[in-house]
Amino acid sequence: MARRLLTELTLATMERSGAPYGLVTNAAVATIDGRIVFAGPAADLPAEWHGKEAEGLGQRLVTPALIDCHTHLVHGGNRAREFELRLAGASYQELAAAGGGIVSTVSATRAASEDALFDSASRRLDALLAEGVTTVEIKSGYGLTVADELKMLRVARWLGAERDVRVVTTYLAAHAVPPEYQGRPGDYIQAVVLPGMEQGAAEGLIDAVDGFCEGIAFSVDEMGTVFERASALGLPVKLHAEQLSDLGGAALAARYGALSADHLEYLSQEGVDALAEAGTVAVLLPGAFYTLRERQAPPVAALREAGVPMALATDCNPGSSPLTSPLLAMNMGSTLFGLTPEEALAGVTREAARSLGLADELGTIAAGKCAEFAVWDVEHPAELAYRIGFNPLHRVIRDVAP
């Protein structure tokens with residue numbers, strides 16, 4: 001039986017009850033076999049732990065380990081040249097129409113071997129791990145053939161096997177219409193998206209199914225076809241929705257009980273209400289908002305008022321958000337979207353866990369949950385969203401159950 005006792009620390013449990021951040025000073029945490037059995041004031045530590053060998057953390061802050069709940073880490077090539085063109089005035093839609101955007105990454109990803117994809121993605125993943133991440137969602141979506149979509153998912157699983165991280169895979173074949181199906185999105189869904197989903201599910205490669213509901217991608221009806229098949233396979237769904245316009249994607253996601261609806265810059269009040277009723281998490285992605293120099297931010301005040309959980313993620317991808325810093329995502333979420341620092345930290349812990357269907361395991365520090373912690377050299381948790389370009393991580397503690 002593996003036991004660990006942590007003392008001389010301040011806890012930000014991120015539990016909803018109690019002080020802001022779930023803050024507990026002069027705290028202790030006890031774990032057995034990778035599970036938390038006690039977290040609270042050291043004075044309340046159960047008698048069975050008295051006199052046990054402890055690891056003193058020098059009064060540092062301990063939070064739940066961070067979760068990046070929306071990434072596109074696995075891909076070939078980069079789009080630095082496209083970045084230049086966008087700065088010169090080209091819009092996201094114009095770049096896509098000219099063969100840039102997602103489709104340009106598709107060519108590079110199709111040409112790349114699994115080894116090459118692993119090598120490039122592992123460097124991006126290591127940047128996330130260096131900032132306290134122990135769980136990351138990785139989407140497909142740059143292969144757009146059955147073979148290449150599954151290739152991406154195999155690489156994502158490989159990353160989880162080779163690094164000390166939990167990888168959640170998301171099947172995103174409904175990301176864009178590839179050139180060979182241009183103008184025929186329905187044919188692409190029938191010939192690639194649905195068969196690939198069937199095969200990926202059979203091979204155990206898919207944890208959830210996603211899509212891009214937008215004028216340059218797929219309609220509400222087309223995504224409904226995808227979600228119907230996912231539901232039949234018992235796979236949870238999520239959706240890129242209302243990023244560039246309001247097509248009603250968030251309401252669609254809510255109708256299917258989606259884990260999350262992501263982006264949401266153009267979310268209507270009707271969409272907010274639908275998410276609230278369904279319990280669907282709003283995943284906010286300030287890296288894309290910043291990179292695309294958008295003007296309309298997600299309706300954070302309306303989401304807050306309706307009680308919609310708000311997660312934050314890097315959206316790490318080669319085109320619209322080449323961001324590999326969850327700490328910077330927290331700062332952007334606060335400065336660009338108006339989240340409080342507490343909401344920002346909840347966004348990469350408690351609410352991020354909920355957006356992946358892992359709220360029973362991760363996201364807060366409480367008895368029964370996984371022993372995954374980030375230890376920080378800060379005096380107060382607000383510093384995590386406050387600083388820019390500075391990483392105060394002291395260490396990560398991740399005890400995996402035997």
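How far apart do the C-alpha centres of domain 1 and domain 2 lie? They lie 31 Å apart.

## Two domains

This is a predicted model. The protein is divided into two parts by its domain assignment. Domain 1 is built from two stretches, residues 3-64 and 363-398. Domain 2 covers residues 66-356.

The two domains touch. Domain 1 gives 26 residues to the contact, and domain 2 gives 26 residues as well.

## The recorded binding site

UniProt lists His70, His72, His240 and Asp315 under "binding site", in an unreviewed entry. These residues are spread over 246 residues of sequence. In space they cluster: the largest C-alpha distance among them is 12.4 Å.

Start with histidine 240. It lies in strand S9, residues 238-241. Its relative accessibility is 3%, so histidine 240 counts as buried. Histidine 240 touches two other listed residues, His70 and His72. Its further contacts include Lys139, Leu172, Asp210, Phe212, Cys213, Asp262 and His263. With histidine 70 there is also a polar contact: the two side chains are joined at 3.3 Å.

Now take aspartate 315. Its place is in the loop between strand S12 (310-312) and helix H12. Aspartate 315 is buried, because its relative accessible area is 1% and the cut-off for buried is under 20%. Aspartate 315 is in contact with His70 and His72. Thr71, His263, Leu285, Ala288, Ser320 and Ser321 are also among its contacts. His263 thus appears in the contact lists of both histidine 240 and aspartate 315.

## Helix H12

The loop that holds aspartate 315 leads to H12. This helix is mostly covered: eight of its ten residues are buried. The buried residues are Pro326, Leu327, Ala329, Met330, Asn331, Met332, Gly333 and Ser334.

## Aromatic pairs

How many aromatic pairs does a search of the whole structure find? It finds five. One of them joins phenylalanine 227 and tyrosine 256. Their ring centres are 5.5 Å apart and their planes stand at 70 degrees, so the pair is edge-to-face. This pair links distant parts of the chain, with the partners 29 residues apart. Phenylalanine 227 is in helix H7 (residues 220-232). Tyrosine 256 is in the loop between helix H8 (249-255) and strand S10 (260-263). Is each partner buried or partly exposed? Phenylalanine 227 is buried, at 0% relative accessibility. Tyrosine 256 is partly exposed, with a relative accessible area of 24%.

Phenylalanine 289 and phenylalanine 337 form another edge-to-face pair. Here the centres are 5.1 Å apart, with 75 degrees between the planes. This pair, too, links distant parts of the chain, 48 residues apart. Phenylalanine 289 belongs to helix H10 (residues 286-291). Phenylalanine 337 is in the loop between helix H12 (326-335) and helix H13 (341-347). Both phenylalanine 289 and phenylalanine 337 are buried.

## A ring cluster and a charge over a ring

Rings also gather in a group. Tyr181, Tyr188 and Phe218 are linked into a cluster by ring pairs.

One more ring has a charged partner. The charged end of arginine 3 sits over the ring of tryptophan 49. The distance to the ring centre is 5.2 Å.

Notes: Residues numbered from 1 in each chain as written. Predicted model: local features only at pLDDT ≥ 70, side-chain atom pairs only at ≥ 80, totals over all residues. Heavy atoms only, no water. Phe/Tyr/Trp six-rings, centres within 6.5 Å; stacked < 30°, edge-to-face > 60°. Helix = DSSP H or I, 4+ residues; strand = E, 2+ residues; numbered from the N terminus. Buried < 20%, exposed > 50% of the residue type's maximum accessible area, 1.4 Å probe, protein only. Lys NZ or Arg CZ within 6 Å of the ring centre and 35° of its normal. UniProt positions renumbered as here; feature names shortened; annotations may be inferred. Contact = heavy atoms within 4.5 Å. Polar contact = N/O pair within 3.5 Å; in protein donor to acceptor, adjacent residues only side chain to side chain. Domains from an automatic or database assignment. Lists of a residue's contacts leave out its neighbours within four places in sequence.
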